[in-house]
Amino acid sequence: MGERTVLLLLVCALSLHATTFYVTVSGLGGEPDYEQRFGMWAKDIDKTLKASPDSKVETLVDGTRAQVREALERVAKEAKPQDAVVVMLIGHGTFDGYDYKINLAGPDLSASELAGMLDHVPATRQLVVNMTSASGGSIEFLRRPGRVVITATKTGSEKNATVFARYWVEALRDAAADTDKNEVISALEAYRYADKKTAAYYESQNRLATEHAVLEDTGKGEPVRAPSPENGEGLLAATFPLIRLGAAAAAAKDPAKLQLLAKKDDLEQQIDKLKYEKAAIPPEEYKKQLAALLLELARTQEELDK
Amino acid sequence: MRLCLAVLCASAVLSGQTLEQAESLWKQHSYSEANGTFRALVDAHPRNPQYRVRWGRLLLERFNKPDAMQLFQEALKIDANNAGAYMGMALVAAEGFENQAVEFAHKALAADPHLLEAQELLARLALEDNDTAKAIEEADRAIAMSPSAVQAKAIRATIDWLNDEADTKWDPHVAEGYETAGRIFVLNRRYEEGIQFYRKAIELEPDLWSARAELGVNLMRLGEEGEARTQLEMCYGAGYKDAATVNSLRLMDSYKNFITYKTQTTILRLHKKEAELLHPYFETEMQRALATYEKKYGFKLDHPVQVEVYPDHEDFAVRTLGIPGLGALGVTFGYVVAMDSPSGRKPGTFHWGSTLWHELSHVYVLTMTHHRVPRWFTEGLAVHEETAVSPEWGDRLDPHVIAAIKDKKLLPVAELDRGFVRPTYPTQVVVSYFQAGKICDYINREWGWPKLLAMIHDFATSESTPDVITKELGLKPEEFDKRFLAALDAETKKTVDGFDEWRTLLKKVAEEAKAGEHDQVIHDATAIRDIYPDYVEAGNAYQFLADAWLAKGDKKAAIAELERYTKVGGRSPDTLKQLAALLEESGNKKEAATVLDRLNYIAPVDEELHRRLGDLWLADGNTAGAIREYRAVLAKAPTDPAASHFDLAKAYRTAQRPEDAKEELLLALEAAPGFRPAQKMLLELTK
C-alpha cells in the first residue's frame, strides 16, 4: 500500500505537467433507441471532459474506422511520453472467436487494429475502456505493459447490449466515485463505481446479469472482476488519474508549506502501512493507532489550509 | 391355423407374464426395472391401452405427472372410453387442485360404474371443496359399492374429526386412511392435527413414505426443523424424492445463510446478504402490527411469531408446495410466516409491508379460531387489514377483477372457499381474494368491526359460513350476497361500465403523448383517470398527465397528479422518486421525505433512496430517521463508503451522540484519509 501511495504521488506530480488525450467513439446503434443512447453517452463524456484542465478531447459520435485512425494519429504526433491517452468505445461489439470488432459506420474496427494504432502513441500511460457488448474478446489484443484495459464484458461471448457505459459516464461526474476523496477520480475508482452500479441495475430489475466488467493492467495477466493487491491487478489503474474534480495539489506550489507537506506525506504513508497490517494487529490497538494518525493528519491538513 | 394359434397363445402368455412382472417389480419398489418392463410392453403392444394406463400410474406414483398424463391421454386415443385412463387423469388433476378432477372422475365412473377408486376420489374432492354434504353423499355411495372402502370411510371419519368428534364409527384404522385425514386437515390449515394423523399413519405403516414426507413438510412449516429434517431425510434415504421432500431439505440446508433475530415477541429470519439492511424495517413493522392487532382483535399471542423472509422466490415457493389458493407473496402456518423479500421481486411490484400485515392478521385469526376459520374469511380479513393500515396499501381493482364483476363470476359467500381451493378459471384465486376483502370491508362499513370480531369467535366453534352470516348480520346468505353485490356494483360501476372505453382511450393517450400533444393528453388522460382511478400500473393516466403538465412547465399540476397517483396506491419507484424530486425542488422537503419513506415499504434495496431520505430528514431535524437511513446506506456496501460514514457522523452529531459520530468519522477517514470535511469535523469533536 505504501508503494502504491508513493507511485500515486509520482503520477500526480508527473501529471501536473502532463496532458491527457481522450478519444471517445460511439458506434452504430442498429436501432433508434440504441443510436440515441450511444450518442448521448459519448456526448456526455465529451462535455464532462472538456470542463477538466490539461485535457485534449476528441469525440466521434457515429465515428468511422478512418476517423478513429486519424484521431489517434493526431494524438501520436502530439503526445509526449509523460502524457496519457484514454480511449473509450461505446456501442455494439462482436467476437467471432478470433478477433473482436466494434460496429462502426462503414468498415468495423477490430481490436488488433486498435492495438496497432495505440502502439504508435508515445504516451506511456494508456487506458482503453471498451464498453461494447462482447468487449471481453478485445482484451488479449489490447493488453500491454503500461496500458489499463477495462471491458464491459468478461469474454467475447457476453453478447447482449451493455449498460456499463451509462455508469461509466456517471462515474466521471459523480464525486461519490472519488472514494479516497483526493479530488481525482482514478481509472480504478471509475471502474469500481461503474461495475457496482451495473450490478445494482441488474439486481434492481431482478434480471440475470448479462455483462460482467473486468480490468487488466499488468499487460500480461488475466483480466479480473475485482482488482486487488491479492490478484496483482489494479495497481496501475489506481494511479491513473482519469479526471480531476478540484484543485488538488495546489498547495504544492507554496515553499513555506513544504515541511507540512512532507509531514502529511509521511502520515499518509504510515496510515497506509497500518491499514496494510490491520489483520495482524489486535482490533483495539489498530483503532487506537489509526485514530491518532488520522487526527494528526487532520491537524496537519488544517495547518496547510491556513 | 395351428401355427397361428400357437403364436397367439405364446404372445398372450408372454404378455401376461410381462405385465405381471412389471406389477411385481413395482410392488417390490424396483421402480426403474418396472418402468423398463412397462416400456417394453407398450413397445410390443402399442394398441393395448391398459399397459399405458398402468405405466402412467407408476409414473404418477413416482412424481412424474407430465409423462403420466401423456400416457393416460394416449390410452384414451386408443380406447376413448377407458375408465383407467380417466381415473389417472382425475388423480393428476386432483394433485394439482385442478377443477377438471371432478369431471375426469365422473367420466371414469361413467365408463366403469363399479370403479370404487373414482367414487372415493369424488368424496375426497367434495371434502377438499368444503362441501361436506356432497362428500358424505359420495362417500356413502362408495361404501355401498364396497363396505370396506378405506378412503370412503376415511372421508366420513375426517368429517367427524373436523367437527371435533373424536370417536367416530368410520375410523378406517388403516394408514392410508389417516394419511387422507392428514391431507384434509392440512388443507383446512389445521396443521398440528394434520401432523397427528400423519404420525398415526406411519405408526401403522412406517414405510408409507408419502405420509412421512408430508409429516416432515408440515413439521418444517411449523418451525419444528429438527424433526422435520429427520423425517425428510428418512424419505430421501428410502428413495422417496418427490419435489416437496427434495426442495424442503434443500431449503433447510440454506438456513445456514440466514441470520435470526429474536425478541420477546418476534423471531425474524433474514438472509445474510440483506439482514443488516432489512432488520430495522421489518422488526419495527412486526412490532407495530402485533401491537395493533393485539388491541384490535383483543387477543394476546402466547409465543413469539416467526417471520422468514426469502430473497429467492423459489425458496419461498417451497413453503406453499401442495397447498392451493395461498397468496403468492406470503404464507402463514400457525405462528410461522414465510414471505418474499422485497429484493426478490422487481421494484414496484411488491409491497412487503402490506404482505407482512396480511400474514400477521392470519396468525391472529388462525390462532383465535383454532384454525377452524373458512379460507374466504381469513383471507378477506387479511386483505381488509392491508388497507386498514393505510388506504394506499393493498392491491387495487385490477382488470381480471373488473372482467369477473362484468361477467358476474363472483361466487356466493357460502361457496367462496371454492374460488380459493379449486378455481374454475385461471384468475379465480385473485378474484376471490378481492371479493373476500371487499366482503369484509362491506361488513366493517355496514355493521362495524365488532361484528367481524364476533364472526371470528363464531368460526372458532366450527360454525358454518351461512350460520355465521345469519347469526351476526341477521341476513340469509342469499340476501347478504344480494346486498353486497349491489354495494360493490355501486362502488365499481363507473370503472366496470367504462372499461372498454378506458382501454381505447388509453391507447389514444399513449399516441398523443408520443406526438407531444400535451393539451390533448391532459384532456383525454383526465377522463380515463376518472373512469378507472385504480389503474396505477405501467402506462397509467397519472404519469401521462404529470409528463404533459411538466412539458407545459406547470410543475404544481404535475405534483398534484403524482400525489393522486400515490394516494391511490401507485408504487413505481421511478415515479415516486420523481414526485419527491419535484416536491424538493418546490421547497416541500417534508412532503418529499414522506414520499420517499413510502418506498421503504416497496423497494428498500436502494442506496440512493436511503441517502436522499437521510439528507431530507437530517435537514428537517428528524435525526432518528436520518440515522436509520444512513445506516441503511452502509448496510449494502455503498459506492462511496467514506461519504456514507460521514453522513452518519453528521446525523449522530446532530443527535448529540459525539462518540458515535467520532466512530463514524474514523471509519470515513480510514477509507479516505484526506477527506477534508471529515477531518474538520473530527477536529471540532476532539477539541
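**Exercise 1. Where the two chains meet**

Find how many residues of chain A are in contact with chain B, and which helices of chain A take part.

*Solution.* Start with the count: 23 residues of chain A are in contact with 21 residues of chain B. Next, look for the helices on the chain A side. Helix 7 (187-204), helix 9 (258-276) and helix 10 (283-305) of chain A each supply at least two residues of the side that touches chain B. Finally, pick out the main contributor: helix 10 of chain A gives the most to this side, with nine residues. Keep in mind as you work that this is a predicted model.

**Exercise 2. An overview of chain B**

Describe chain B by its helices and strands, its spans, its buried share and its contacts.

*Solution.* Begin with the secondary structure: chain B has 34 helices and five strands. Then take the spans of the C-alpha trace along its principal axes, which are about 110 × 60 × 55 Å. Now turn to burial: of the 687 residues in chain B, 49% are buried. Last come the contacts. Among those between residues at least 6 apart in sequence, 54% join residues at least 24 apart.

**Exercise 3. Helix 22 of chain B**

Check the span of helix 22 of chain B, then work out where its buried residues lie around the axis.

*Solution.* First, the span. Helix 22 covers residues 449-460 of chain B, and at 1.5 Å a residue its 12 residues should span 16 Å. The end C-alpha atoms are 17 Å apart, which agrees.

Second, list the buried residues of helix 22 of chain B: Leu452(B), Met455(B), Ile456(B), Asp458(B) and Phe459(B). They cover an arc of only 165° around the axis, so they sit on the same side of helix 22 of chain B.

Third, ask what these residues pack against. The partners of the buried residues of helix 22 are helix 17 (352-368), helix 18 (375-389), helix 21 (428-447) and helix 23 (465-473) of chain B. To finish, step past the end of helix 22 of chain B: Ser462(B) follows, with a positive phi near 65°.

**Exercise 4. Two helix pairs in chain B**

Classify the packing of helix 17 with helix 18 of chain B, and of helix 10 with helix 12 of chain B.

*Solution.* Two packed helices are described by the angle between their axes and the distance between the axes.

Take helix 17 and helix 18 of chain B: their axes come within 8 Å and cross at roughly 135°. The two helices are therefore oblique to each other. Helix 17 of chain B passes helix 18 of chain B in a right-handed crossing. Among the residues of helix 17 that meet helix 18 of chain B are Trp357(B), His358(B) and His362(B), and the residues met in helix 18 include Leu381(B), Ala382(B) and Glu385(B).

Now take helix 10 (residues 175-187) and helix 12 (residues 209-221) of chain B, which pack at an angle of about 30° with their axes 10 Å apart. Angles under 35 degrees count as roughly parallel, so that is the class of helix 10 and helix 12 of chain B. Their crossing is left-handed. Ala175(B), Glu179(B), Gly182(B) and Val186(B) in helix 10 meet Ser210(B), Ala211(B), Glu214(B) and Asn218(B) in helix 12 of chain B.

**Exercise 5. Helix 3 of chain B**

Compare the reach of helix 3 of chain B with the expected value, and decide whether this helix is mostly covered or uncovered.

*Solution.* Helix 3 (residues 49-61) of chain B has 13 residues and reaches 19 Å from first C-alpha to last, close to the 18 Å expected at 1.5 Å a residue. For burial, count: 10 of its 13 residues are buried, and helix 3 of chain B is mostly covered. Tyr51(B), Trp55(B) and Leu59(B) are among the buried residues. Just after helix 3 of chain B, Phe63(B) takes a positive phi of about 70°.

**Exercise 6. Two single residues**

Decide whether Leu60(A) and Asn99(B) are buried, exposed or partly exposed, and find what each touches.

*Solution.* Leu60(A) is found in strand 2 (residues 55-61) of chain A. With 18 other C-beta atoms within 10 Å, Leu60(A) is partly exposed, because a buried residue needs 20 or more. Leaving aside neighbours within four places in sequence, Leu60(A) is in contact with Thr24(A), Val25(A), Gln67(A), Val68(A) and Ala71(A).

Asn99(B) lies in the loop between helix 5 (83-95) and helix 6 (100-111) of chain B. Here 17 other C-beta atoms lie within 10 Å, so Asn99(B) is partly exposed. Not counting residues up to four places away in sequence, Asn99(B) touches Arg422(B), Pro423(B) and Thr424(B). The C-alpha atoms of Asn99(B) and Arg418(B) are separated by 9.8 Å, although the two are 319 residues apart along the chain.

Definitions and conventions
Residues are numbered from 1 along each chain as its sequence is written. Chains are lettered from A and ligands numbered from 1 in the order in which they are written. This is a predicted model: local features need pLDDT of at least 70, side-chain atom pairs count only at pLDDT 80 or more; totals for chains, interfaces and linings use all residues. Helices (H or I, at least four residues) and strands (E, at least two) are DSSP runs, numbered from the N terminus. The expected span of a helix is 1.5 Å times one less than its number of residues. A residue is buried if 20 or more other C-beta atoms lie within 10 Å of its own, exposed if 12 or fewer, and partly exposed in between; C-beta atoms are placed from the backbone. The arc is that of the directions from the helix axis to the C-beta atoms. Two residues are in contact if their C-beta atoms, placed from the backbone, lie within 7 Å. Axes are lines fitted to C-alpha atoms, for helices over the stretch in contact, and angles run from 0 to 180 degrees between N-to-C directions. Angles under 35 degrees count as roughly parallel, over 145 as roughly antiparallel, 65 to 115 as roughly perpendicular and the rest as oblique. A crossing is left-handed if the near helix is turned anticlockwise from the far one by less than a right angle, and right-handed if clockwise.
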